[in-house]
Amino acid sequence: MPCKVILSKEISSTFREELKATIKSRGIKPKLVGFLANEDPAAVKYAESTSKTCEETGVTFELRKCDKEQLEDQIVEANEDDSIHGIMIYYPVFGDRQDQYLQNVVSASKDVEGLCHKYIYNMYHNKRYLDEKQTKKCIIPCTPLAIVKVLEYVGVYNSVLPYGDRLHGRVITIINRSEIVGRPLAALLANDGGKVYSVDINNIQEFHRGTGLKLKKHEVRDTNLKIEEILPFSDVVVTGVPTPSYKVPTDLLRDGVVAINFSAFKNFNDNIKEKASIYVPAVGKVTIAMLERNLLRLYDYHNYQS
C-alpha cells in the first residue's frame with residue numbers, strides 16, 4: 001500500500017541510543033522521580049513505559065505513588081533534594097486549574113516536562129534559550145517536542161529553509177487544545193512557520209506568524225471555521241482526543257495527508273491508510289526519549305553552570 005506506517009520505536013531509537021551512549025561514556029547517573037497520584041490507566045501505562053525505558057538507557061528512575069492531597073508537599077521535598085535531577089507528574093491529578101498550579105510547584109531547574117511558567121512563557125514567546133549567550137536551550141514540553149521530532153523525521157519540516165521557519169507553507173490541524181499538549185504544540189508549530197488550526201469542542205483557532213512570517217512570534221485568532229472546512233486542505237492532521245469513540249472522518253482528509261495520533265485511543269479509522277501518505281499511530285516512545293533528553297539537559301545545567 002502507498003501509505004507508510006511509522007512506529008514511534010523507529011523514530012525514538014536514534015535518540016535512545018545517543019542518550020544511552022552519552023550516559024555510559026560520561027559515567028553519570030541522572031535521576032528522575034515520577035509522581036503518580038491517580039489511578040488513570042493511561043498514566044499508569046506511561047509510568048511503566050518510563051521506568052522500562054529509563055532502565056534500558058541508564059537513567060535512575062523512581063516512581064513515587066501518593067495521595068493527591070500529599071503531592072504538593074512531596075514535590076517541594078523533591079525540589080530540595082540535590083540527588084534528584086528531574087521531576088515529573090503523571091496527569092491528570094485534580095483535572096482542573098489545580099493541575100496547572102502543581103506544574104508551577106515543580107522547580108524550573110528540575111522540570112523535565114517543561115510545564116512551569118518560565119518554560120511555557122518562553123515557548124509561547126518564541127524565546128528558545130535561557131541565557132543571552134544562547135548556550136542553554138529552553139526545556140520544551142515532552143509530547144509536543146516529540147511530535148516536532150516526528151514531523152522532522154517524516155520530512156514535514158523543510159530543512160532547506162532557515163531554522164525557525166521550516167514549516168512555512170504547511171497547514172496543520174491539531175484536534176486537541178489541552179494545556180499539556182494541544183495548545184503548546186500549536187504554538188511550537190506556528191512559531192516554526194506553520195499555519196496551525198487548533199480544534200477543540202468549542203471552536204477552531206488559528207495560530208500563525210502572518211503573511212511571509214513577518215511576526216517574530218505567533219498570534220492567535222478565533223475563527224468561525226468548521227472542521228469539515230479545514231481538513232480537506234490540511235497537510236498534516238494531529239489528533240489527541242482522549243476517548244475511544246472519536247474518529248476523524250477519513251473521507252474529509254486530503255489525499256497524501258500526514259496523520260499522527262498521540263491519544264491513548266485510535267482517533268483515525270482503519271481506512272486512514274487509504275488516504276494518508278504517512279501514518280504514525282502513537283508517539284509514546286518518542287515522548288519518553290524527549291523526557292530523558294530534557295533530564296540530561298537539566299543535569300548538565302545543574303552540574304556545569306557557568
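Here are some short exercises with worked solutions on helix packing and burial in this predicted model.

**Exercise 1. Describe the span and surroundings of helix H6 (residues 142–153).**

Solution.
- Step 1: start with the span. H6 has twelve residues, and the distance from its first C-alpha to its last is 16 Å, close to the 16 Å expected at 1.5 Å a residue.
- Step 2: look at burial, where the cut-off is under 20% relative accessible area. The residues of H6 that pass are Cys142, Thr143, Pro144, Leu145, Ala146, Ile147, Val148, Lys149, Val150 and Leu151.
- Step 3: draw the conclusion. Ten of the twelve residues are buried, so H6 is largely enclosed by the rest of the structure.
- Step 4: find the partners. The buried residues of H6 pack against helices H1, H7 and H9, and against strands E9 (236–239), E10 (258–261) and E11 (278–280).
- Step 5: check what comes next in the chain. Glycine 155 follows H6, and its phi is positive, near 90°.

**Exercise 2. Work out how H6 packs against helix H7 (residues 182–191).**

Solution.
- Step 1: recall what you need. Two packed helices are described by the angle between their axes and the distance between the axes.
- Step 2: read off both values. The axes of H6 and H7 come within 9 Å and cross at roughly 40°.
- Step 3: classify the angle. Roughly parallel needs an angle under 35 degrees and roughly perpendicular needs 65 to 115, so H6 is oblique to H7.
- Step 4: add the handedness, which is right-handed for the crossing of H6 and H7.
- Step 5: list the residues that meet. H6 brings Pro144, Leu145, Ile147, Val148 and Leu151, while H7 brings Pro184, Leu185, Leu188 and Leu189.
- Step 6: sort them by class. The contact of H6 with H7 has nine nonpolar residues, with no polar and no charged ones.

**Exercise 3. Treat the pair H1 and H6 in the same manner, then the pair H1 and H2.**

Solution.
- Step 1: take H1 and H6. Their axes are 10 Å apart and the packing angle is about 105°.
- Step 2: classify that angle. The range for roughly perpendicular is 65 to 115 degrees, and H1 and H6 are therefore roughly perpendicular to each other.
- Step 3: name the residues. Glu10, Ile11 and Phe15 of H1 make the contact with Lys149, Val150 and Tyr153 of H6.
- Step 4: divide the residues of this contact by class, which gives four nonpolar, no polar and two charged.
- Step 5: turn to H1 and helix H2 (residues 41–57). Here the axes come within 9 Å and cross at roughly 50°.
- Step 6: classify again. H1 and H2 are therefore oblique to each other.
- Step 7: name the residues. H1 contributes Arg16, Leu19, Lys20 and Ile23, and H2 contributes Thr53, Glu56 and Thr57.
- Step 8: sort by class. The contact of H1 with H2 has two nonpolar, two polar and three charged residues.

**Exercise 4. Which residues touch threonine 287 and methionine 290, and is each of the two buried or exposed?**

Solution.
- Step 1: place them. Threonine 287 belongs to helix H9 (residues 284–303), and methionine 290 is found in H9 as well.
- Step 2: judge burial. Threonine 287 counts as buried because its relative accessibility is 4%; methionine 290 is buried too, with a relative accessible area of 0%.
- Step 3: list contacts, skipping residues up to four places away in sequence. Threonine 287 is in contact with Tyr46, Cys142, Thr143 and Ala146. Methionine 290 touches Phe15, Cys142, Leu145, Ala146 and Lys149.
- Step 4: connect this with Exercise 1. Cys142 and Ala146 are among the buried residues of H6, and H9 is one of the elements these pack against.

**Exercise 5. Place histidine 302 by its burial class and by its distance from serine 109.**

Solution.
- Step 1: histidine 302 also lies in helix H9.
- Step 2: compare its accessibility with the cut-offs. Buried is under 20% and exposed is over 50%, so histidine 302, at 40%, counts as partly exposed.
- Step 3: set sequence beside space. Histidine 302 and serine 109 are 193 residues apart in sequence, yet 7.3 Å apart in space, C-alpha to C-alpha.

Definitions and conventions: Residues are numbered from 1 along each chain as its sequence is written. This is a predicted model: local features need pLDDT of at least 70, side-chain atom pairs count only at pLDDT 80 or more; totals for chains, interfaces and linings use all residues. Side-chain values use heavy atoms; hydrogens and water are left out. Axes are lines fitted to C-alpha atoms, for helices over the stretch in contact, and angles run from 0 to 180 degrees between N-to-C directions. Helices (H or I, at least four residues) and strands (E, at least two) are DSSP runs, numbered from the N terminus. Angles under 35 degrees count as roughly parallel, over 145 as roughly antiparallel, 65 to 115 as roughly perpendicular and the rest as oblique. A crossing is left-handed if the near helix is turned anticlockwise from the far one by less than a right angle, and right-handed if clockwise. Contact means heavy atoms within 4.5 Å. Ala, Val, Leu, Ile, Met, Phe, Trp, Tyr, Cys and Pro count as nonpolar, Asp, Glu, Lys and Arg as charged, and the others, Gly among them, as polar. Buried means under 20% relative accessible area, exposed over 50%, partly exposed in between (1.4 Å probe, protein chains only). The expected span of a helix is 1.5 Å times one less than its number of residues.
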